[in-house]
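Welcome! Let us walk through this structure together, from the overall fold down to single residues.

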Amino acid sequence: MSANSLQSFLDGVKSKWGPLTSELVADCRDLLEELLEASPSEEWLAALHANRSPNEELYRDPEHGFVLLAHTEQAGLYRPPHDHGRGWVIYAIQQGEIEMGAYGRIQAPDGEVRLVKRNSTLVRAGQVQVYLPGDIHDTRCMTSSALVFRFTERDLRVEDRQEHRVTRYVDREGVWTTDRS
């Protein structure tokens, strides 16, 4: 019996896995782009479309630690600017469209932190977007719904909730800043 596209993706990532390099990111990006071409009749993908879960873990690698999640997002769902701590992430849009903004962190001489928006990209079905450690971004679902795969090189819940390395930003009178400043 042949492997489905999800298993092929996982086998491919495991065979390429190693320290963060341009090549590793490119390999994982290419493998995710291939995964986006999966037939909607594959059982795992058909179930995702049917269940429309806001957050479903598809795989967690016990040896390397990477995680593949699926998120069904609804129109207008906005995730404010944040980073992923030491982790890197690749978002892959299976269905729908997500707008992703990129920000630079600026610190004034008095220590006040604010974000400056660099750009905004509309990521459509079949496309991927990479964020490396320290990259700051936001997301907004632009269609009635979107199915998003999020590949993370580590468990971001640990990075966020246990190690407190993820930075989330808040809007203060039209300026994105940390909640600590």
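**A guided walk through the chain**

The chain holds four helices and eleven strands. Please keep in mind as you look around that this is a predicted model. To get a feeling for its dimensions, follow the C-alpha trace along its principal axes, where the chain spans about 65 × 35 × 25 Å. A compact globule of 181 residues would have a radius of gyration near 16 Å, and the 17 Å of this chain agrees with that. Of the 181 residues, 44% count as buried. The chain also brings together parts that lie far apart in sequence: among contacts between residues at least 6 apart, 72% join residues at least 24 apart.

Let us turn to the sheets. One of them is an open sheet of five strands, and reading across it gives the order 1-2-9-4-7, with antiparallel pairing. Its edges are strand 1 and strand 7, the latter covering residues 128-131, and each of these pairs on one side only. From one strand to the next, the twist averages 20°. If you look at the side of this sheet where strand 7 lies, you will find strand 4 paired with strand 7 in the antiparallel sense over four bridges. There, Ala92 stands opposite Val128 of strand 7.

Another open sheet is built from four strands in the order 3-8-5-6, and here too the pairing is antiparallel. Strand 3 (78-82) and strand 6 (113-124) are the edge strands, each pairing on one side only. The twist in this sheet averages 15° from one strand to the next. We can cross it strand by strand. Strand 3 pairs with strand 8, residues 136-141, in the antiparallel sense over three bridges, and Arg79 stands opposite Thr139 in strand 8. Moving on, strand 8 is joined to strand 5 by six bridges, the two strands running antiparallel. Here Gly101 has Asp138 in strand 8 as its bridge partner. Strand 5, residues 97-107, is then joined to strand 6 by eleven bridges, again antiparallel. Within this pair, Gly104 has Val116 in strand 6 as its bridge partner. Strand 5 and strand 6 form a hairpin with five residues between the strands, and in this hairpin Gly111 takes a positive phi near 95°.

Now for a helix. Which residues of helix 3 are buried? In this helix, residues 43-51, they are Trp44, Leu45 and Leu48. Seen down the axis of helix 3, the buried residues fall within an arc of 95°, so they line one face of the helix. The face turned away from that buried side carries the exposed residues Glu43 and Ala50. What do the buried residues of helix 3 pack against? Their partners include two helices, helix 1 (5-16) and helix 2 (22-35). They also pack against strand 1 (56-60), strand 2 (67-74), strand 4 (89-95) and strand 9 (145-152).

Just after helix 3 comes a residue worth a look. Most residues other than glycine have a negative phi. Arg52, however, has a positive phi of about 50° although it is not a glycine. Arg52 sits in the loop between helix 3 and strand 1, and with a relative accessibility of 39% it counts as partly exposed. Glu173 is another residue that is not a glycine and yet has a positive phi, of about 55°. You can find Glu173 in the loop between strand 10 (169-172) and strand 11 (175-178). Is Glu173 buried or exposed? With a relative accessible area of 84%, Glu173 is exposed.

Our last stop is Asp61, in the loop between strand 1 and strand 2. Asp61 has a relative accessible area of 4%, and since buried means under 20%, Asp61 is buried. Its side chain and that of Tyr59 are joined by a polar contact of 2.8 Å. Leaving aside neighbours within four places in sequence, Asp61 is in contact with Lys14 and Phe66. Finally, try placing Asp61 and Asp155 in one view: they are 94 residues apart in sequence, and their C-alpha atoms are 10.0 Å apart in space.

How values were computed:
Residues are numbered from 1 along each chain as its sequence is written. This is a predicted model: local features need pLDDT of at least 70, side-chain atom pairs count only at pLDDT 80 or more; totals for chains, interfaces and linings use all residues. Side-chain values use heavy atoms; hydrogens and water are left out. Two strands pair if DSSP finds at least two bridges between them. Axes are lines fitted to C-alpha atoms, for helices over the stretch in contact, and angles run from 0 to 180 degrees between N-to-C directions. Buried means under 20% relative accessible area, exposed over 50%, partly exposed in between (1.4 Å probe, protein chains only). The arc is that of the directions from the helix axis to the C-beta atoms. Contact means heavy atoms within 4.5 Å. A polar contact is a pair of N or O atoms within 3.5 Å; within protein, one must be able to donate a hydrogen and the other to accept it, and residues adjacent in sequence count only if both atoms are side-chain atoms. The radius of gyration is taken over C-alpha atoms; the globule rule is 2.2 Å times the number of residues to the power 0.38.
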